[in-house]
Each structure stands twice: as structure tokens, then as C-alpha cells.
Amino acid sequence: MRALLKMTAEIAARYLENLEERSVAPSSEALAGLDELDQPMPELPMEAARVLERLDRIGSPATMGMAGRRFFGFVIGGSLPAALAANWVAGAWDQCPSLFVASPIGTVLEEISLKWLLDILQLPATSGGAFVTGATVANFTALAAARHSVLARVGWDVEADGLFGAPPITVVVGDEAHPSLFKALGMLGMGRSRVVRIPVDGQGRMMASQIPSLEGPAIVCMQAGNVNTGAFDPAPEICARAHASGAWVHVDGAFGLWATASRQYQHLVEGVSVADSWATDAHKWLNVPYDSGLAFVRNPATLKGAMSLEAAYLPQSPHREPSQYSPESSRRARGVEIWAALSSLGHSGLAEMIERTCGLAQRFAEALRQGGCEILNEVALNQVLVSFGDSARTRRVIERVQRDGTCWCGPTEWQGRTAMRISVSSWATREEDIERSAAAILSAAAAES
Ligand SMILES: Cc1ncc(COP(=O)(O)O)c(C=O)c1O
């Protein structure tokens, strides 16, 4: 085991070092090499070192350089050194933190991380929380608590009796809500399309004045950080309107919620803490390895009401039992690397990381604007939307940028315009990476003129 793990550490270290040299996207040869893996399952055992050697030789070149400094696609953080190392230790521990009795360390690290997270994100200290796979499941989890609560208030036990014959729930969303929110609503039986959609402004912010007066069970879903523009829905106005009619307010803050950690950016999330539930990701801006999302619910009893389970063979302790708050029972110990990331950064390091990445996004936008590109959004956070002219040209430039391999950015459609998305979310990105990447993008644009 020791020799194998040492060899693995070597492979991983070499991989991370090589990321600086290689194309961010895998080469076509590396992708073609994947065919070598497509073989019948071996009849006989293979030595672990050989398995690893094969995985590295064929697999490493075929990865996308998401752990590197110049991956700007989707909203993808890297892995902080302490978080990656803690993730390895957690793998060795092989803990199942569904119950305190099953994994005291896994359970306690979640309990501590939850306390720290509520403090950093300035959410009510007594809120409940769930450590889940990502913001999609965090939205699902928080909305399950919302569904539980708004139906319980009219005397309906949705966990026991389901939704057949239940009083209808009005669900209000902004027109620019993230697709994962609709997926969560669909999984919960509340319907992807059975929603009241509120128009948005040019940055994708919900126009709160258009929220109709609500009667009966109702959930208003707002967003802290639009996936394209980074813009925030106006929380104070939305919460005031929704709460005046007794509606639950849920906040999808997959990455935007982390702005709270910085004095410079926390004005963007003003009023968000008045909501009833929140979803965010740790694998985005906190820079822990996948998968790691977080759901927080103001009243822990509603989360427990939606998620609890009981069995004689699952003994409960006085500790917070994770499986009472989360859709999963058995799962990995996600609190380990969250605790490690927060310990290694401290308050100041986390604020610095948020501010640095936002500053780098500003710089990126400025360099591209000066190079003649059109920036379609107000760069208030870490997201930049770039147009290179018409849709066809913008798409050609994006493909050229991806082929060039200096950096990686993806396409999107923003209010009728095709755009290139840039998301600066990695702890590792430096100023020189922005300069190198902006130069590569401008030269791709020049080649497509
Ligand atoms: C606002 C928002 N919500 C939800 C998600 C889904 O997150 P995940 O892929 O971690 O489930 C994203 C992903 O980018 C997002 O930006």
C-alpha cells in the first residue's frame, strides 16, 4: 500500500506540474488514446501499480485542465492544496459520515464546518445544513424543506401523503433562474414549467416589482449570482414582498453567496440572509475537489422534516446526524476538505481569494475591451461575457480559443446574443495567466476577422 500511495502522489504531483505546459483542452491524440481503455473487463487480476500506470498514461492526457490556472469554463474552481491533500486523507479514511456512530470524525468536521460556513456567509447561526454533491442537489434539498414547510402550514404532510391531492404550491422564479433549479422543481413534483416566471433586466436580475401578490402555499426562488453575468437578484425587495404574503424565499447562490466573505463585495448579497433557505457550492469558489455542495435552511426542523429516516440499526446520538438532514445516507465525508480549505485560508485568505478572482475578471474584461471586443455584462463579480461580433464569428473565435489551448472558455447565449463566457474561479489563477489568456483570445479573434 505504501509504495502504491507514494507512486500515486508522484503521478498526481507530476500531473499538476505538467498542467502549466500542456494545452488546457486535451489534444485529439489524447482523446483518440481513450479507445485503448475500451476493452472487455480483464479476466484475471491486474497489479494495482499497473492499473495506476495505465490510468495515468492514458487518462491524464485526456483530462481537461480544470485544476490548472487558465480554465475559465462553466464556473469551475480548482483544488486548494490543503483541500486536495485532505481529500486524499479522507479517501484513505474511507469514512461514511451518515451517523456519528459510524464516523465520529466525519460527523464532527461537518458540524464544525457548518458553524464556520454560517458565520462566513452571514446566515442565521442556528440554520440547518446538508453536505451534498453540488448546487443542483442543494437546490433540491432546500426546496424539499420549503415544500415540507409551506404544506405543513396548511395541514398537509407531504412526506407521508405525497403531492396527490395536496394544496397547490405557487412557485415564483426569475426568468434567468439556473436550469438546475427547474430540474430540482421537477424532481420534487412541483413542475419545471408550472412556475410563475418574473421578467428580468439586462443583467438577468429579477424585477421584484413584478412579483404578484401570493396566496396560499408559495415559494419564491431568487438567485445570488447569475451563471452568465454574475448579477444578483434584489434580495431586500424580493424577501419583503414574499414574506409579506407568507411565502418561503429560497436563494440559489451556487457561487455568488461567497461574495459575503469579502467586505469589498458583500454589498452584492445585502438582504440575502433574510431568506429561508440557501444553496451554494464548495467545489466552485471555495476551491475544494468535486463533488461538494451545501444546502442551508433557516429552520433546521423543516430540513429534518423533509429528510429524516429511521431504522433500528441506525442508532442516533446527541450529535447532528448528517443523514437526518441530507437526501443521501451513505456518502463520502465532504466536510473533511471543506474544513481543510477553511482552515488553510482563514477569513482573510478566503476574502483575498474572492477579491483577487473578481479583480482578475475585471482585468480580463479590460484587456479584451481594449483589444476591440464587446463586453456584454457589468463585470461586478467574477464572470465576463464577451462578444466578437455576430453569432457565427463569436462561435468560430471560441472554437479557435479552445483549439489553441492557452486557456479554455465556453459559449453561451445571453439575451439573444451569442457570447463567450469567462469565469475566474480558481485559487491558482494569476495576473500573468490573464495577460497570456487575453493575448491568446485576441489573436484568435484577429485570425477570424
Ligand atoms: C446559479 C447556479 N445554480 C446552480 C448551479 C448548478 O451547480 P452544480 O453543477 O454544482 O450542481 C450552477 C452551476 O454553475 C449555478 O451557476
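In this predicted model, R2, A3, K6, E10 and E17 are exposed on one side of helix α1. On the opposite side of α1, I11, A12 and Y15 are buried. Viewed down the axis of α1, its buried residues fall within an arc of 95°, so they line one face of the helix. Those buried residues pack against α3 (48–59) and α4 (81–93). Helix α1 itself comprises residues 2–18 and reaches 24 Å from its first C-alpha to its last, close to the 24 Å expected at 1.5 Å a residue.

Beyond α1, L31, L34 and L37 make a nonpolar surface patch of about 230 Å². Of these, L34 lies in the loop between α2 (28–33) and α3 and is partly exposed, with a relative accessible area of 33%.

The whole structure contains 29 salt bridges, including those tabulated here.

| Salt bridge | N to O distance |
|---|---|
| E36 and R54 | 3.7 Å |
| E53 and R57 | 3.3 Å |
| D291 and R332 | 3.1 Å |

The pair E36 and R54 links distant parts of the chain, 18 residues apart: E36 is in the loop between α2 and α3, and R54 is in helix α3. By contrast, E53 and R57 are 4 residues apart in helix α3 and are therefore separated by about one helical turn. E53 is partly exposed at 38% relative accessible area, and R57 is partly exposed at 39%.

D291 lies in the loop between β6 (277–281) and β7 (293–297), and R332 in the loop between α10 (300–307) and α11 (335–370), so their salt bridge ties together parts that are 41 residues apart in sequence. Salt bridges that share partners join E110, D291, R320, E328, R331, R332, R334 and E337 into one network.

Conventions
Residues are numbered from 1 along each chain as its sequence is written. This is a predicted model: local features need pLDDT of at least 70, side-chain atom pairs count only at pLDDT 80 or more; totals for chains, interfaces and linings use all residues. Side-chain values use heavy atoms; hydrogens and water are left out. Helices (H or I, at least four residues) and strands (E, at least two) are DSSP runs, numbered from the N terminus. The expected span of a helix is 1.5 Å times one less than its number of residues. Buried means under 20% relative accessible area, exposed over 50%, partly exposed in between (1.4 Å probe, protein chains only). The arc is that of the directions from the helix axis to the C-beta atoms. Contact means heavy atoms within 4.5 Å. Patches are made of residues with over 30% relative accessible area and no salt bridge: like charges are joined within 9 Å, nonpolar side chains (Val, Leu, Ile, Met, Phe, Trp, Tyr) within 5 Å. Accessible areas come from the Shrake-Rupley method with a 1.4 Å probe; for residues, only the protein chains shown count as cover. A salt bridge is a side-chain nitrogen of Lys or Arg within 4 Å of a carboxyl oxygen of Asp or Glu.
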